[in-house]
Amino acid sequence: MNELLRTLLFLPRQASTLAEEIDTLHYFVIIMTMGGALLVTLIGGYFLVRYRRTAVQKEPARRMPGTTPAIWLEVVVVVGLFGMFIVWWVIGFRQFMAIRTPPENTLEIYVTGKQWMWKFAYPQGANSISTLYVPAGRPVKLVLASRDVIHSFFVPDFRLKEDVVPGRLTTLWFEAKEPGRHDIFCTEYCGVSHSTMRGEVIVLPQEEYERWLQGQSPGPAVAGPVDLRPSAVTDYAPPEPLSMVRQGERAAAEHGCLRCHTLDGTPHLGPTFAGLYGTMVPLEAGGNVKVDEAYITESMMDPLARIHAGYQRIMPSYLGQIRPAETSAIIELVKSLRDVRPKPGASEPWGTVTVPELREGGQ
């Protein structure tokens with residue numbers, strides 16, 4: 001039945017673990033709405049025939065006492081429609097939560113959209129342009145950033161689409177079921193060459209994927225002839241593969257992040273990176289926030305939006321000054337230090353010393 005409906009609706013193949021479940025809701029909504037439209041059409045047609053105008057007008061029949069339409073019919077219609085809406089909402093909400101909540105220990109790959117190409121950076125140091133390599137049967141989390149305008153990353157075979165917005169990070173995850181090729185499209189108009197901003201996902205067996213990470217071409221029977229040239233996503237990195245943690249260290253040093261933030265837990269002007277990722281930190285305006293990719297990116301682009309309680313307002317904005325790839329690398333650096341235990345007192349502000357020169361360009 002699934003294949004029949006997919007064929008009738010001209011849907012692409014279901015290449016991810018979530019695709020069939022998403023299509024099932026799609027089928028349910030379409031069948032119910034078409035059934036409702038058919039029912040309304042049949043009832044309307046019956047009324048047209050039953051109460052059509054005739055040549056001889058008869059005096060309208062008077063309603064006899066006790067012939068009021070049954071209240072149960074109205075209740076059934078109202079409750080039925082409302083119940084159907086609730087069922088759709090529950091199914092849709094469950095799917096939304098499944099799509100937005102990746103499993104533990106997913107493989108994270110950083111994606112940068114720019115006019116008019118996709119660039120991919122892997123934590124192990126590999127890079128690729130327009131071709132995303134992933135292993136089959138393993139959850140993959142994509143961390144997306146834009147270098148210029150709004151783009152939208154869409155893989156029809158996976159039934160997944162996510163906007164890529166300048167100045168912030170968005171995420172999506174998927175698990176490809178088997179090796180194969182799948183098209184990537186940009187579905188947000190982004191300029192004159194928007195239609196050429198295409199790519200492909202190459203799903204490899206785990207052993208072939210490991211070979212590719214080590215710089216060896218995957219078997220032609222799986223991947224075929226593809227462009228394996230290095231990407232320019234990490235322009236500040238040397239030609240040889242360099243892990244994103246090392247790239248993050250270099251980017252943090254070049255942009256002055258280490259003037260205020262330490263890597264070993266030592267208290268300083270800003271919160272230490274050691275043990276910071278994944279924790280809940282208090283905010284100056286009240287409440288708490290979880291330190292994740294979104295909060296770290298916001299703190300770099302708009303540092304005054306949500307200030308860590310107890311620290312001075314000395315951090316400048318890096319919006320337009322730092323590349324998306326550098327942002328991703330710094331986030332990977334902070335993640336790598338999540339298990340480093342801060343030194344005593346590192347969770348407290350370093351002091352109340354004013355550092356005017358940091359306001360000009362430091363951190």
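# Notebook: cysteines, salt bridges, a buried helix and a patch

I started with the cysteines, and the count came to zero disulfides. Worth jotting down before going on: this is a predicted model.

**Cysteines.** I looked up Cys 190, which is in no disulfide. Its nearest cysteine sulfur belongs to Cys 186 and sits 3.9 Å away. A disulfide needs two cysteine sulfur atoms within 2.5 Å, so that pair doesn't make the cut. Cys 190 is buried, with 4% relative accessible area. Then I tried Cys 257. Its sulfur is 9.0 Å from the closest cysteine sulfur, in Cys 260, and that is too far for a bond. Cys 257 counts as buried too, at 5% relative accessibility.

**Salt bridges.** How many salt bridges does the structure hold? I have 14 in my notes. I picked out a few to look at.

The first one I wrote down pairs Glu 162 with Arg 100, with the closest N and O atoms 2.8 Å apart. Glu 162 is in strand 7 (residues 160–164) and Arg 100 is in helix 3, so this bridge ties together parts that lie 62 residues apart in sequence. Are the two partners buried or exposed? Glu 162 is buried at 16% relative accessibility, while Arg 100 is partly exposed at 32%.

Next I checked Arg 211 and Glu 208, whose side chains meet in a salt bridge at 3.2 Å, N to O. Both are in helix 4 (residues 206–213), three residues apart, which puts about one helical turn between them. A reminder to myself: an α-helix has 3.6 residues a turn, so residues three or four places apart point the same way. Arg 211 is partly exposed at 31%, and Glu 208 is buried at 16%.

My third pair was Glu 326 and Arg 323, with a salt bridge of 3.1 Å from N to O. Glu 326 is buried, with a relative accessible area of 2%. Arg 323 comes out partly exposed at 30%.

I also noted a network: Glu 108, Lys 141, Glu 293 and Lys 335 are joined into one by salt bridges that share partners.

**Helix 6.** Glu 293 from that network took me to helix 6, where it is one of the buried residues. Why do I call this helix largely enclosed by the rest of the structure? Because seven of the nine residues of helix 6 (residues 293–301) are buried. Besides Glu 293, the buried ones are Tyr 295, Ile 296, Thr 297, Ser 299, Met 300 and Met 301. I then asked what covers these buried residues. The cover includes four strands: strand 1 (107–114), strand 5 (140–146), strand 11 (280–282) and strand 12 (288–290). Helix 7 (324–336) is part of the cover as well.

**Surface patch.** Last, I went to the outside. Which residues make the nonpolar surface patch of about 810 Å²? I listed Ile 71, Trp 72, Leu 73, Val 75, Val 76, Val 77, Val 79 and Leu 81. I looked at Trp 72 on its own: this residue lies in helix 3, which runs over residues 71–100. Trp 72 is exposed because its relative accessible area is 56%, and the cut-off for exposed is over 50%. Helix 3 is also where I found Arg 100, the salt-bridge partner of Glu 162.

How values were computed
Residues are numbered from 1 along each chain as its sequence is written. This is a predicted model: local features need pLDDT of at least 70, side-chain atom pairs count only at pLDDT 80 or more; totals for chains, interfaces and linings use all residues. Side-chain values use heavy atoms; hydrogens and water are left out. Patches are made of residues with over 30% relative accessible area and no salt bridge: like charges are joined within 9 Å, nonpolar side chains (Val, Leu, Ile, Met, Phe, Trp, Tyr) within 5 Å. Accessible areas come from the Shrake-Rupley method with a 1.4 Å probe; for residues, only the protein chains shown count as cover. A salt bridge is a side-chain nitrogen of Lys or Arg within 4 Å of a carboxyl oxygen of Asp or Glu. Helices (H or I, at least four residues) and strands (E, at least two) are DSSP runs, numbered from the N terminus. Buried means under 20% relative accessible area, exposed over 50%, partly exposed in between (1.4 Å probe, protein chains only). Contact means heavy atoms within 4.5 Å.
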